Amino acid sequence: MAKFKIGDHVKWNSEAGHVSGKIIKVHDSDFDYKGHTRRASGDDPQYEIESDKTDHIAAHKESALTKIE
């Protein structure tokens, strides 16, 4: 079961440092992301997150994310 839900505010580490954004989609099955198949399941979901500072959409596993208030 997913730990986070759509609308949650989260942060993660990137090459540019910490980034934050809001979850816009939760994937519980494999999905296409920028031309690549990303693996996801109910036990290991992935999330699409829209950055707070840019219009960039990132996809991350649950373990890479931390919820922020």
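A residue is called buried when its relative accessible area is under 20%, exposed when that value is over 50%, and partly exposed in between. By this standard Asp-8 is buried, because its relative accessible area is 7%. The model described here is a predicted one.

**Salt bridges**

The structure contains 3 salt bridges, listed below.

| Pair | Closest N to O distance |
|---|---|
| Lys-5 and Asp-8 | 3.1 Å |
| Lys-67 and Asp-8 | 3.7 Å |
| Asp-30 and Arg-39 | 2.5 Å |

Shared partners link Lys-5, Asp-8 and Lys-67 into one network of salt bridges. Within this network, Lys-67 belongs to strand β7 and Asp-8 to the segment before β1, so their pairing ties together parts that are 59 residues apart in sequence. Whereas Asp-8 is buried at 7%, Lys-67 is partly exposed, with a relative accessible area of 42%. In the pair formed by Asp-30 and Arg-39, Asp-30 is partly exposed at 39% relative accessibility, while Arg-39 counts as exposed at 56%. As a general point, side chains of opposite charge can pair when their charged atoms come close.

**Strand pairing around β1**

Strand β1 covers residues 9–14 and runs antiparallel to strand β2, residues 17–27, with 6 bridges joining the two. A hairpin of 2 residues connects β1 to β2. Within this pairing, Val-10 has Gly-21 of β2 as its bridge partner. Strand β1 also pairs in the antiparallel sense with strand β7, residues 66–67, over 2 bridges. Here Lys-11 has Thr-66 of β7 as its bridge partner.

**The nonpolar core**

The largest nonpolar core consists of 8 residues: Phe-4, Val-10, Trp-12, Ile-23, Tyr-47, Ile-49, Ala-58 and Leu-65. The elements that contribute two or more residues to this core are β1 and β5, the latter spanning 46–51. Beyond its neighbours within four places in sequence, the core residue Ile-23 is in contact with several residues, among them Phe-4, Val-10, Tyr-47 and Ile-49. Its contacts also include Asp-8, the residue that takes part in salt bridges with Lys-5 and Lys-67.

**Lys-25 in strand β2**

Lys-25 lies in strand β2 and is partly exposed, at 41% relative accessibility. Although Lys-25 and Glu-48 are separated by 23 residues in sequence, their C-alpha atoms are 5.1 Å apart in space. Setting aside neighbours within four places in sequence, Lys-25 is in contact with Ile-6, Gln-46, Tyr-47 and Glu-48. Ile-23 likewise has Ile-6, Tyr-47 and Glu-48 among its contacts.

Conventions. Residues are numbered from 1 along each chain as its sequence is written. This is a predicted model: local features need pLDDT of at least 70, side-chain atom pairs count only at pLDDT 80 or more; totals for chains, interfaces and linings use all residues. Side-chain values use heavy atoms; hydrogens and water are left out. Two strands pair if DSSP finds at least two bridges between them. Helices (H or I, at least four residues) and strands (E, at least two) are DSSP runs, numbered from the N terminus. A nonpolar core is a set of buried Ala, Val, Leu, Ile, Met, Phe, Trp, Tyr and Cys residues joined through side-chain atoms within 4.5 Å. Buried means under 20% relative accessible area, exposed over 50%, partly exposed in between (1.4 Å probe, protein chains only). Contact means heavy atoms within 4.5 Å. A salt bridge is a side-chain nitrogen of Lys or Arg within 4 Å of a carboxyl oxygen of Asp or Glu.
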